[in-house]
Amino acid sequence: MGVAHKYVFYLGCAIPYRVSSFEVSARKVLDRLGVDLLEMPDFNCCGLPLEPLSHELTLILSARNLAIAEQTGLNILTLCPGCAGTLKKTNRLLKENRALREEINKHLSGAGLEFKGSIDVKHISQALIEDIGLDAIKRAIVRPLKGLRVAKHSGCHLSRPKKYIGFEDPENPKALRILIEATGARCVEYLGETECCGSTIAAIDDKISLSLVREKLLHVKEAGADALITICPACHIMYDANQMRAERMFGEKYGIPVLHYTQLLGLAMGMQPEELGFEELRVNPSKILERIGEVKSRA
Amino acid sequence: MSKDAEFKTSRINPKFRYEVVKVPGGENLLHCFQCGTCTSDCPVARFSEKYRPRLIIRMAQLGLKERVLNSDFLWLCASCFTCTDRCPQGIEVASVIRALKNMAAMEGRIPDVFKVILGNLLKTGYIYEIPESRVRRREALGLPPLPKVNIEGLAKSLQNLDIKRFLEVSAQKSSEAKIWV
């Protein structure tokens, strides 16, 4: 094992509420890659879902998390691009703007906290590519997923707004493709890869958000993919848990298994589906597991 | 012109645009020259009859304050930030729309779901009330306990923000309101 990587782990709200499969599989693969995660000693929502009410509230909520994480001296690692993006944006705004930093610190000081701007925030995909590295990932692959065809959905908040995230090009996001190809699977292209999943307005207008889900799944199906791979809990909820809702609403059948990238990587590392939270998935993933069985028997 | 699209000049508030540019995120409202990149690239606009980011920006520029702040379409922005990244004028379009939502929220015009998640935040630190069944499931899956939230500390950090105003007109009784579809 190479250099040890250590982060403070920021869980967010969506994952413990509905997407444990992402957390289970992410912790397993990160552990296998020698990544050490320290749990947040205190925590609150990153602030993103409340930004429509008050920008200031969002700044305080995210700054509070950053100030707590700073006390550990470690960079933040999070599985949720929404949390990552919000924490990154606040980190940058407060680092660059002294007046704003002082204003927000006034709110935090009442609880004995201070934002100093001493750490960085990384989404798991960024940590995998920039810190852990593709070589280490490839070395950990014991069952290359050759013959498997998957489609990727990177999600908006992984790269937008570019000005604040700055990790990859939002018009042509490559990180997830590169990570998928490292497992030996083929990442097929399809129409509208960068289109939004609609999760943020699911509670406001389900017809619009499920229309976005429908369009995405039809395009993925047309491309002949065995599965859709996500790396965001919110996108995953839309395509997996809400796939049946979309099927009911539009009277169609999509049947696209939706896996977290960390589940795909775990399979390639030789882990069993039951170790990776596959039983939590709503769309039956047996199709893709059978394919991997085929792959294994051919190898 | 349909009746719906008509407006009286007396309904225009010419100072509204200067209110918007003072709200964080609204600063660049006046830079918009109505090219329409935002609307043509908007994923929501493709499936909505009502949601048009360019129109919202134009209404704000013109001073149709009541029409904009009272509209339900304001809340249809999915915050995908495609418009922000593609605006040739460098306007953070989604941030201008968010600033308008913040203005509407200050006047108590808030969809119920936001009251529910704010109420949950103040109670639990999460925007959800994580059900006991999920906590037990975590254990079964071998996951560590949920991160603890110092609720008092959180409350202290928020005490100088007038967030009660967002909850005052709450019509929602249950925290079980549909947060995801």
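The paragraphs below walk through a predicted model of two protein chains, A and B, starting with the chains and their domains and ending with pockets and a few individual residues.

Chain B makes a good starting point. Its secondary structure amounts to ten helices and zero strands, so the pattern along the sequence is easy to read, running α-α-α-α-α-α-α-α-α-α. Chain B has 181 residues, and 50% of them count as buried. Contacts in this chain often link distant parts of the sequence: when a separation of 6 or more is required, 69% of the contacts are between residues 24 or more positions apart. The domain assignment splits chain B into domain 1, covering 11-106, and domain 2, covering 112-168. Taken over C-alpha atoms, the centres of these two domains of chain B are 30 Å apart.

Chain A is also divided in two, with domain 1 spanning 5-124 and domain 2 spanning 143-298. Here the C-alpha centres of the two domains lie 25 Å apart. The domains of chain A touch each other through 26 residues of domain 1 and 25 residues of domain 2. Between them they bury about 2200 Å², and 71% of that area is on carbon and sulfur atoms.

Next comes the meeting of the two chains. The size of an interface is often given as the accessible area lost when the parts come together. For chain A and chain B, the buried area is about 5600 Å², with carbon and sulfur atoms giving 66% of it. On the chain A side, A:Tyr17, A:Pro52 and A:Leu53 supply 13% of the area that chain A buries against chain B, more than any other three residues. Counted by residues, the contact involves 66 from chain A and 61 from chain B.

Now for the pockets. The largest pocket has a volume of about 380 Å³. Its lining is made up of 20 residues, and those nearest its centre are A:His55, A:Leu93, A:Tyr164, B:Gly25 and B:Glu27. Two or more lining residues each come from α4 (81-96), α5 (98-109) and α8 (162-165) of chain A, and from α6 (93-106) of chain B. Among these contributors, α4(A) gives the most, with four residues. Sorted by class, the lining of the largest pocket has eight charged, six polar and six nonpolar residues.

The second largest pocket holds about 300 Å³ of space. It is lined by 17 residues, and the closest to its centre are A:Ser54, A:His55, A:Glu56, B:Asn102 and B:Met106. At least two lining residues each are supplied by α3 (55-70) and α5 of chain A and by α6 and α10 (164-168) of chain B. The class make-up of this second lining is ten nonpolar, three polar and four charged residues. A:His55 turns up in both descriptions: it is among the residues nearest the centre of the largest pocket and among the closest to the centre of the second largest one.

A few single residues round off the picture. B:Thr39 sits in helix α2 of chain B, residues 37-40. This threonine counts as buried because its relative accessibility is 18%, and the cut-off for buried is under 20%. Leaving out residues up to four places away in sequence, B:Thr39 touches B:Ala45, B:Arg52, B:Pro53 and B:Arg54.

B:Ile151 belongs to helix α9 of chain B, residues 151-158. With a relative accessibility of 29%, B:Ile151 counts as partly exposed. Beyond its neighbours within four places in sequence, B:Ile151 is in contact with B:Leu121, B:Leu122, B:Lys123, B:Thr124 and B:Gly125. B:Leu161 lies ten residues from B:Ile151 along the chain, and 16 Å separate their C-alpha atoms.

Finally, there are some backbone details to look at. In chain A, the peptide bond from A:Arg160 to A:Pro161 is cis, with omega near -10°, and A:Pro161 is in the loop between β5 (149-153) and α8. In chain B, the loop between α4 (65-69) and α5 (82-86) holds B:Ser79. B:Ser79 is not a glycine, yet its phi is positive, at about 55°. B:Phe81 is found in the loop between α4 and α5 of chain B, and it has a positive phi of about 70° although it is not a glycine either. The relative accessible area of B:Phe81 is 13%, so this phenylalanine is buried.

Methods: Residues numbered from 1 in each chain as written. Chains lettered and ligands numbered in written order. Predicted model: local features only at pLDDT ≥ 70, side-chain atom pairs only at ≥ 80, totals over all residues. Heavy atoms only, no water. 1 Å grid on protein atoms, 1.4 Å probe; cavity = no way out; pocket = protein on both sides within 12 Å on 5 of 7 lines; lining within 4 Å. Points joined across faces, edges and corners; volume = space filled by probe spheres on them. Nonpolar A, V, L, I, M, F, W, Y, C, P; charged D, E, K, R; others polar. Domains from an automatic or database assignment. Buried < 20%, exposed > 50% of the residue type's maximum accessible area, 1.4 Å probe, protein only. Contact = heavy atoms within 4.5 Å. Buried area = accessible area lost by both parts, 1.4 Å probe.
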